[in-house]
Amino acid sequence: MDGGNQSVMSEFVLLGLGHSWDIQVLLFVIFLMLYLIIVSGNVVIMTLIITDPHLHSPMYFLLANLSFVDMWLSSNTTPKMIADFLREKKTISFAGCMTQIFFSHFIAGLEMVILVIMAYDRYVAICKPLHYLTIMSLHRCIGLVVTAWTVGFVHAMSQIVVIVELPFCGPRKIDSFFCDRPLVIDLACMDSHKLKVLMNVDCGVVAITCFILLLISYTYILVTVCQNSKTGASKALSTCTAHITVVVLFFGPCIFIYVWPLNITWMDKFLAVFYSVFTPFLNPAIYTLRNKEMKNAIKRFGNYYVDFKGNN
């Protein structure tokens, strides 16, 4: 990290989501409750998948990884945002700001690839059911997840190695609740237009590639099932609705934040909050309320807990 940058710009000021003290306190309560639900909900999903033998399958192995990433996604920015609601001076150190940017892109790239892997898993399960366990072996699943982590890391490094060396010497106010990459680049003492375009292209390559792969997977699923059943379309949609819903919830805000920024302050803040808080909040509900096996696992866990307490 450039020592000169730190001596000139040691910290940034975050303007947050509001200025009224009453609104800040209300937002503190709301987002604290949402964050606790996010953490507990995703921990419950991971615990069920690890402890319940009925969920020891490739699909749930990938779901456990998605839950962990969702929890990490929210934890990158939400705790700082919650704490800042009760602070008059909202600042973040240069190192802290760079760390937020790095993990924002790391997690975004990682989750995109995991969603692609989950779509591939559904494609194999529906289109090649007889070979499903052979193709989606534990060894293959682990290899795919490691690939996802590698893609996320390489993508994040391609962003941060450039941003960390920018000359920050002027304004230090960021009109957001976290270090949003485009807003941080705007503070650099240079013409940043071409750099922002290159950064958006870098993000676009990852996002669009993953989105195309997702479209291909779900198109094959629909075509295959429609050919084998008169009610194929509805069955395919029923099987994949949870996955498609999560994809839309994740890719929608993500594209407008990192690939095609709207440059409308209130909209950028709304999308950032939706992406970092509401997407991780909704994912556990989507996968548990629409998944019969997860519902049964919750019942089994509840019965086990009641029996355990009864015996003691």
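A salt bridge here means a side-chain nitrogen of Lys or Arg within 4 Å of a carboxyl oxygen of Asp or Glu. This is a predicted model, where local features need pLDDT of at least 70, side-chain atom pairs count only at pLDDT 80 or more, and totals for chains, interfaces and linings use all residues. Residues are numbered from 1 along each chain as its sequence is written, and side-chain values use heavy atoms, with hydrogens and water left out.

**View 1. Asp 186 and Lys 196 pair up in a salt bridge**. Their N and O atoms sit 2.8 Å apart. The two partners are ten residues apart, with Asp 186 in helix α7 (residues 181–186) and Lys 196 in helix α8 (residues 193–228). Helices (H or I, at least four residues) and strands (E, at least two) are DSSP runs, numbered from the N terminus. Asp 186 is partly exposed at 40% relative accessible area, and Lys 196 is partly exposed too, at 22%. For these labels, buried is under 20% relative accessible area, exposed is over 50%, and partly exposed is in between (1.4 Å probe, protein chains only).

**View 2. Glu 11, Lys 89 and Arg 172 join into one network**. Salt bridges with shared partners make the link. Glu 11 meets Lys 89 at 4.0 Å, N to O. Because Glu 11 lies in strand β1 (residues 11–14) and Lys 89 in the loop between α3 (58–84) and β2 (91–93), this pair ties together parts that are 78 residues apart in sequence. Glu 11 also bridges to Arg 172, with the closest N and O atoms 3.3 Å apart. That second pair spans 161 residues, since Arg 172 is in the loop between α6 (138–163) and β3 (173–174). How do the three fare for exposure? Glu 11 is partly exposed at 23%, Arg 172 is partly exposed at 32%, and Lys 89 is exposed at 57%. Across the whole structure, a search finds eight salt bridges.

**View 3. Helix α6 and what covers it**. Its 26 residues should span 38 Å at 1.5 Å a residue, and the end C-alpha atoms are 38 Å apart, which agrees; the expected span is 1.5 Å times one less than the number of residues. Among its buried residues are Cys 141, Val 145, Ala 148, Gly 152 and His 155. An α-helix has 3.6 residues a turn, so residues three or four places apart point the same way. The cover over the buried residues of α6 includes α3, α4 (94–127), α7 and α8.

**View 4. Two spans from the UniProt record**. An unreviewed UniProt entry places "transmembrane region" features at spans including 141–164 and 204–225; such annotations may be inferred rather than shown by experiment. In the model, residues 141–164 are 96% helix and 0% strand, with end C-alpha atoms 34 Å apart. Residues 204–225 are 100% helix and 0% strand, and their end C-alpha atoms lie 31 Å apart.

**View 5. A nonpolar patch on the surface**. Trp 21, Val 25, Val 29, Met 33 and Leu 86 make a patch of about 470 Å². Patch residues have over 30% relative accessible area and no salt bridge; like charges are joined within 9 Å, and nonpolar side chains (Val, Leu, Ile, Met, Phe, Trp, Tyr) within 5 Å. Areas come from the Shrake-Rupley method with a 1.4 Å probe, and for residues only the protein chains shown count as cover. Trp 21 belongs to helix α2 (residues 21–51).

How values were computed. Contact means heavy atoms within 4.5 Å.
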